[in-house]
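User: Could you take a close look at one part of this model for me, and then connect that part to the rest of the structure? I'd enjoy one long, joined-up answer.

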Amino acid sequence: MRNIMWPSFLAIQTNTDGILRALAIVCAAIVIIHYSTMFEREYSTKLAELYIHPWWRLLVVLLIVSSAMWCPSVGIVVALVTFFYLSDMNTLITPMTNL
Amino acid sequence: MQQQGSQSGGMINPFQGLLASIDSPYKLIYGCVLVLIIIYSSIIPTEYRTFADSLLGRIFGIAIVYGVIESLGWVYGLLTAMAFLLLLHGAPRKPSGAVEGFDGSINTKKAVGKRWFVEKVLGERTRSIETDRVTTSAVDGH
């Protein structure tokens, strides 16, 4: 039986760090599927209210940087989550006439 | 003679280690600019967004992302791609030169006289009126 060889950046290590990375990727994927794939799916009130504050958006960007420095795969998935969140919120605060 | 106060051996000051691991100032400045663009992407003027959405803008954007990944590293490239996508996402969807709805097809009148109560309440200062007459007709039921 042939073993499937994953590319190195997709390979999951069996130590604690590897399991945590895989867990973070799964959580981010769930968020993408649940919230980001449909514009009509509303974010929680807290997330919508926090978007107005620049310091919150700064923290979100720092989350991307820190997760990217931790693990490239996690960084890419978190960047996707963040992009969908920021773009959805941008759309929500844009007046209808400017869309 | 033995020197006093100097440190010898392999011990590295944590602050020195931190400084050694930090990127160059140019990279950090570029990173800060990217972070600011991402944070305040909603207030970037429409002209820049329209240019980013054009053929030339898209080619430039992809080339810049590729150049940044090659020169500064993939983390900066990821931030650049995100800033570019947010810029692109906010571009107006209307084709240039398109006429919106009733623009130009309705005669406008200059608003004269006292402000209406609802205008005072809502703090509106009407300059012109597009429609001040409504034509209705009886319901034609079958």
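Where does A:Met38 sit, and is A:Met38 buried or exposed?

Analyst: Happy to. A:Met38 belongs to the loop that links H1 to helix H2 (45-50) in chain A. This is a predicted model, so everything below is computed from predicted coordinates. A:Met38 has 10 C-beta neighbours inside 10 Å and therefore counts as exposed. A useful partner to look at from here is A:Phe84: 46 residues separate A:Met38 and A:Phe84 in sequence, while their C-alpha atoms are 9.9 Å apart in space.

A:Phe84 leads us straight to a helix pair, since A:Phe84 is one of the H4(A) residues that meet H1(A). Helix H1 of chain A covers residues 16-36 and helix H4 of chain A covers residues 72-93; the two pack at an angle of about 20°, and their axes are 9 Å apart. With angles under 35 degrees counting as roughly parallel, H1(A) and H4(A) are therefore roughly parallel to each other. The crossing of H1(A) past H4(A) is left-handed. On the H1(A) side, the contact is made by A:Arg21, A:Ala24, A:Ile25, A:Ala28, A:Ala29, A:Val31, A:Ile32 and A:Ser36. Facing them in H4(A) are A:Ser73, A:Val74, A:Val77, A:Val78, A:Leu80, A:Val81 and A:Phe84. Sorted by class, this contact of H1(A) with H4(A) holds twelve nonpolar, two polar and one charged residues.

Stepping back to the whole of chain A, there are four helices and zero strands, and the order from the N terminus is α-α-α-α. Chain A has 99 residues, of which 17% count as buried. If you take the contacts in chain A between residues at least 6 apart in sequence, 57% of them join residues at least 24 apart.

Chain B makes a good comparison. Its elements are six helices and two strands, and along the sequence they follow the pattern α-α-α-α-α-β-α-β. Of its 142 residues, 14% count as buried. Among the contacts in chain B between residues at least 6 apart in sequence, 58% join residues at least 24 apart.

Now to where the chains meet. 16 residues of chain A are in contact with 14 residues of chain B. On the chain B side, the elements giving two or more residues are helix H2 (25-39) and helix H5 (74-89). H5(B) supplies the largest share of that side, six residues. By class, the chain B side divides into nine nonpolar, four polar and one charged.

H5(B) comes up again in the largest nonpolar core, which has 26 residues. The members that touch the most other members are A:Val78, B:Ile38, B:Leu78, B:Leu79, B:Met82 and B:Ala83. Two or more residues come from each of helix H3 (54-70) and H4 of chain A, and from each of H2, helix H4 (55-72) and H5 of chain B. H5(B) gives the most to this core, with ten residues. Two of the names may ring a bell: A:Val78 is also among the H4(A) residues that meet H1(A), and B:Ala83 touches B:Leu34, B:Ile37 and B:Ile38, leaving aside residues up to four places away in sequence.

H5(B) also has a helix partner within chain B. H4(B) and H5(B) pack at an angle of about 165°, with axes 7 Å apart. Angles over 145 count as roughly antiparallel, and H4(B) is therefore roughly antiparallel to H5(B). H4(B) passes H5(B) in a right-handed crossing. From H4(B), the contact takes in B:Gly61, B:Ile64, B:Val65, B:Val68, B:Ile69 and B:Leu72. From H5(B), the residues are B:Trp74, B:Tyr76, B:Gly77, B:Thr80, B:Ala81 and B:Phe84. That contact of H4(B) with H5(B) consists of nine nonpolar, three polar and no charged residues.

One last stop further along chain B is B:Glu119, which lies in helix H6 (residues 117-122). B:Glu119 has 13 C-beta neighbours inside 10 Å and therefore counts as partly exposed, whereas A:Met38, where we began, counts as exposed. Leaving out residues up to four places away in sequence, B:Glu119 touches B:Glu124 and B:Thr126.

Key. Residues are numbered from 1 along each chain as its sequence is written. Chains are lettered from A and ligands numbered from 1 in the order in which they are written. This is a predicted model: local features need pLDDT of at least 70, side-chain atom pairs count only at pLDDT 80 or more; totals for chains, interfaces and linings use all residues. Axes are lines fitted to C-alpha atoms, for helices over the stretch in contact, and angles run from 0 to 180 degrees between N-to-C directions. Angles under 35 degrees count as roughly parallel, over 145 as roughly antiparallel, 65 to 115 as roughly perpendicular and the rest as oblique. A crossing is left-handed if the near helix is turned anticlockwise from the far one by less than a right angle, and right-handed if clockwise. Two residues are in contact if their C-beta atoms, placed from the backbone, lie within 7 Å. Ala, Val, Leu, Ile, Met, Phe, Trp, Tyr, Cys and Pro count as nonpolar, Asp, Glu, Lys and Arg as charged, and the others, Gly among them, as polar. A nonpolar core is a set of buried Ala, Val, Leu, Ile, Met, Phe, Trp, Tyr and Cys residues joined through C-beta atoms within 7 Å. A residue is buried if 20 or more other C-beta atoms lie within 10 Å of its own, exposed if 12 or fewer, and partly exposed in between; C-beta atoms are placed from the backbone.
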